[in-house]
Amino acid sequence: MIHRNRLRIAAQKSGRLSDPARDLLSRAGFVFRQSRDRLFCFGETFAIDLLLVRDDDIPGLIGQGACDLGIVGRNVVMEQSLAARRNGGDTPCVELLALGFGRCRLAVAAPERMPYSGPADLEGVRIATTYPELLRRWLQEAGVDARIMELAGSVEIAPSLGTAEAVCDLVSSGATLAANQLLELATVFESEAVLVGPAEPLMGVRAGLLDDLVRRIAAVLSVRDTRLLMLRAPRVRLDEVRALLPASSSAIVMSVEGSADEIAIQAICPGDVGWSELEGMKRAGAHSMLVMPVERMLA
């Protein structure tokens, strides 16, 4: 039973989303003390605890009320939601916030020898996948009648074993497909890590905790690729230097105490500031340039 005055978040205990999820929570100011079995983490700085589980279990834990929130791939959420609807059940959870990491795509792939000019070429083809519902929806929308072969894992080797002519699997870099001599044919679904919660809104103390959590995470995400640029320049060359700042930068110009001919500039830059930009500003007269990451910023 969940303590009514605390939130419980479920996250992947191992895998590609595990470290980024915990890093995001850490940057949002949440500190946890891990239990001996390393599966439960008690929130020390906030009334929020972390449960480390298999990613496939997260939507179900939320639907059952064992957890309030979860950090999981959108592909897992949508696959289980489609399965629940097809079986006449309720959606186990809903997406609250896209988190911007763990980006990948569910794609159809096949050996290079297989001719392909569009979805119609998959008519009657056996496609192996661990995501039958997402694949089924895509095939239906394309008007294609293919045979879905549901596998628990090792989908990419199905064509070489002769159990399927094509596969539908998650792709990030494409290295796994290339290693199995498969060519990506079509994208079925785009995915990334998301924060999910119950279909029914939280109430009372936990609703307030959720608002605080989302606000902190959103603040971290808003400055994820932001840089703070600080420099000095001759006052007479202010316009020239400002024109070289990265697009959409918000700059503050200040006088330098004891130097009437020099100004200091601080600029919030929405993106990296590369060597070419710095060298261009140096040629324009800027000096003492410093670029730093922005960890958090509240408006």
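At what angle do the axes of helix α1 and helix α7 cross, and within what distance do they come? Let's take that as our way into this predicted model.

Two packed helices are described by the angle between their axes and the distance between the axes. Start with α1, which covers residues 18-27, and then find α7 at residues 204-222. Their axes cross at roughly 100° and come within 9 Å. Angles of 65 to 115 degrees count as roughly perpendicular, so α1 is roughly perpendicular to α7. Now look at the side of α1 that faces its partner: Leu24, Leu25 and Arg27 meet Leu213, Ile217, Val220 and Leu221 of α7. Of the residues in this contact, six are nonpolar, one is charged and none is polar.

A second helix pair is worth a visit. Here α3 (74-86) packs against helix α4, residues 132-142, with the axes 8 Å apart and an angle of about 75° between them. These two helices are therefore roughly perpendicular to each other as well. On the α3 side you will find Asn75, Met78, Glu79, Leu82, Ala83 and Arg86, and these meet Pro132, Glu133, Leu134, Arg136 and Arg137 in α4. What is the make-up of this contact between α3 and α4 in nonpolar, polar and charged residues? There are five nonpolar residues, one polar residue and five charged ones.

From the helix pairs we can move on to the open spaces. Rolling a probe the size of a water molecule over the atoms shows where empty space is left. The largest pocket holds about 790 Å³ of space, and 31 residues line it. If you want to find its centre, look for Asn75, Thr130, Tyr131, Asp169 and Leu170, the lining residues that lie nearest to it. Asn75 is a residue you have already met, in the contact of α3 with α4.

Which element gives the largest share of this lining? That is α3, with four residues. At least two residues each come from α3, from β10 (166-171) and from α6 (175-179). By type, the lining of the largest pocket divides into 12 nonpolar, 12 polar and seven charged residues.

The second largest pocket contains about 210 Å³ of space. Its lining is made of 16 residues, and Ile62, Gly65, Pro198, Ala199 and Glu200 are the ones nearest its centre. Sorted by type, that lining has nine nonpolar, three polar and four charged residues.

Notes: Residues are numbered from 1 along each chain as its sequence is written. This is a predicted model: local features need pLDDT of at least 70, side-chain atom pairs count only at pLDDT 80 or more; totals for chains, interfaces and linings use all residues. Side-chain values use heavy atoms; hydrogens and water are left out. Axes are lines fitted to C-alpha atoms, for helices over the stretch in contact, and angles run from 0 to 180 degrees between N-to-C directions. Angles under 35 degrees count as roughly parallel, over 145 as roughly antiparallel, 65 to 115 as roughly perpendicular and the rest as oblique. Contact means heavy atoms within 4.5 Å. Ala, Val, Leu, Ile, Met, Phe, Trp, Tyr, Cys and Pro count as nonpolar, Asp, Glu, Lys and Arg as charged, and the others, Gly among them, as polar. On a 1 Å grid over the protein atoms alone, a cavity is a set of points where a 1.4 Å probe fits but cannot get out, and a pocket is an open set with protein on both sides within 12 Å along at least five of seven lines; lining residues have an atom within 4 Å of a point. Grid points are joined across faces, edges and corners, and a volume is the space filled by probe spheres set on the points.
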